[in-house]
Amino acid sequence: MNVVDLRVTYDRRANAAYLYLAHSGVGARVAHTYPCDPIDVGGMINLDFDQDGCLVGVEVLDARSKLPRQLLDAAERLDLGE
C-alpha cells in the first residue's frame, strides 16, 4: 500500500481549508463534488471524487470551528503575501 502525505492548504481570510488526499503530481482530477448537508455537519464540507469514485479531497469552510488548530497552523497558507 502506498501512503501519500496529506497536503493541507488554508486561507485565513476565507476561513477555508482544503485537504488533498491524492498526490497533486499524479494528476487526480475532481469529477464530482458531494456537498455534505450543512445542518448535519454544522457548516459546509465538500467531498471531491475523481472519475473512478475515489475521494481525492475535502474542502472545509468555517475551518477554525471544524479542524484542529495544529492542522491549520501547519497548513500551507494561501492568504499570505497578498
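Here are legends for a handful of close-ups of this predicted model.

**View 1. The S1–S2 hairpin.** Strands S1 (7–11) and S2 (16–20) pair up antiparallel, with five bridges holding the register. To get your bearings, find Thr9, which sits opposite Tyr18 in S2. Four residues lie between the two strands, and Asn15 is the one to check on a Ramachandran plot, with a positive phi near 55°.

**View 2. S2 against S5.** S2 also pairs with S5, again antiparallel and through five bridges. Leu19 faces Val58 of S5 across this pairing. How many of the five residues of S2 are buried? Four of them are, so the strand is largely enclosed by the rest of the structure.

**View 3. The S4–S5 hairpin.** S4 (residues 45–49) and S5 (residues 55–61) run antiparallel and share five bridges. Ile45 is matched with Val60 in S5. The hairpin leaves five residues between its strands, and Gly53 in the turn has a positive phi of about 85°.

**View 4. S3 alongside S4.** S3 covers residues 32–35 and is joined to S4 by four bridges, with the two strands antiparallel. Look for His32, whose bridge partner in S4 is Phe49.

**View 5. The largest nonpolar core.** Twelve residues make up this core: Val8, Tyr10, Ala17, Leu19, Cys36, Ile45, Val58, Val60, Ala63, Leu67, Leu72 and Ala75. Which elements give two or more residues to the core? They are S1, S2 and S5. Several residues from the earlier views turn up here, including Leu19, Ile45, Val58 and Val60. In soluble globular proteins, nonpolar side chains tend to be buried together.

**View 6. Around Tyr10.** Tyr10 belongs to that core, and its contact list is worth a look. Leaving out residues up to four places away in sequence, Tyr10 touches Asn15, Ala16, Ala17, Ala63, Arg64, Leu72, Ala75, Glu76, Arg77, Leu78 and Asp79. Among these neighbours, Ala17, Ala63, Leu72 and Ala75 are fellow core members. Asn15, the positive-phi residue of the S1–S2 hairpin, is on the contact list too.

**View 7. A nonpolar patch on the surface.** Leu6, Leu21 and Leu55 together make a nonpolar surface patch of about 240 Å². Leu55 is part of strand S5, the strand that also contributes to the core in View 5. Is Leu55 buried or partly exposed? Its relative accessibility is 35%, so Leu55 counts as partly exposed.

Terms used: Residues are numbered from 1 along each chain as its sequence is written. This is a predicted model: local features need pLDDT of at least 70, side-chain atom pairs count only at pLDDT 80 or more; totals for chains, interfaces and linings use all residues. Side-chain values use heavy atoms; hydrogens and water are left out. Two strands pair if DSSP finds at least two bridges between them. Patches are made of residues with over 30% relative accessible area and no salt bridge: like charges are joined within 9 Å, nonpolar side chains (Val, Leu, Ile, Met, Phe, Trp, Tyr) within 5 Å. Accessible areas come from the Shrake-Rupley method with a 1.4 Å probe; for residues, only the protein chains shown count as cover. A salt bridge is a side-chain nitrogen of Lys or Arg within 4 Å of a carboxyl oxygen of Asp or Glu. Buried means under 20% relative accessible area, exposed over 50%, partly exposed in between (1.4 Å probe, protein chains only). A nonpolar core is a set of buried Ala, Val, Leu, Ile, Met, Phe, Trp, Tyr and Cys residues joined through side-chain atoms within 4.5 Å. Contact means heavy atoms within 4.5 Å.
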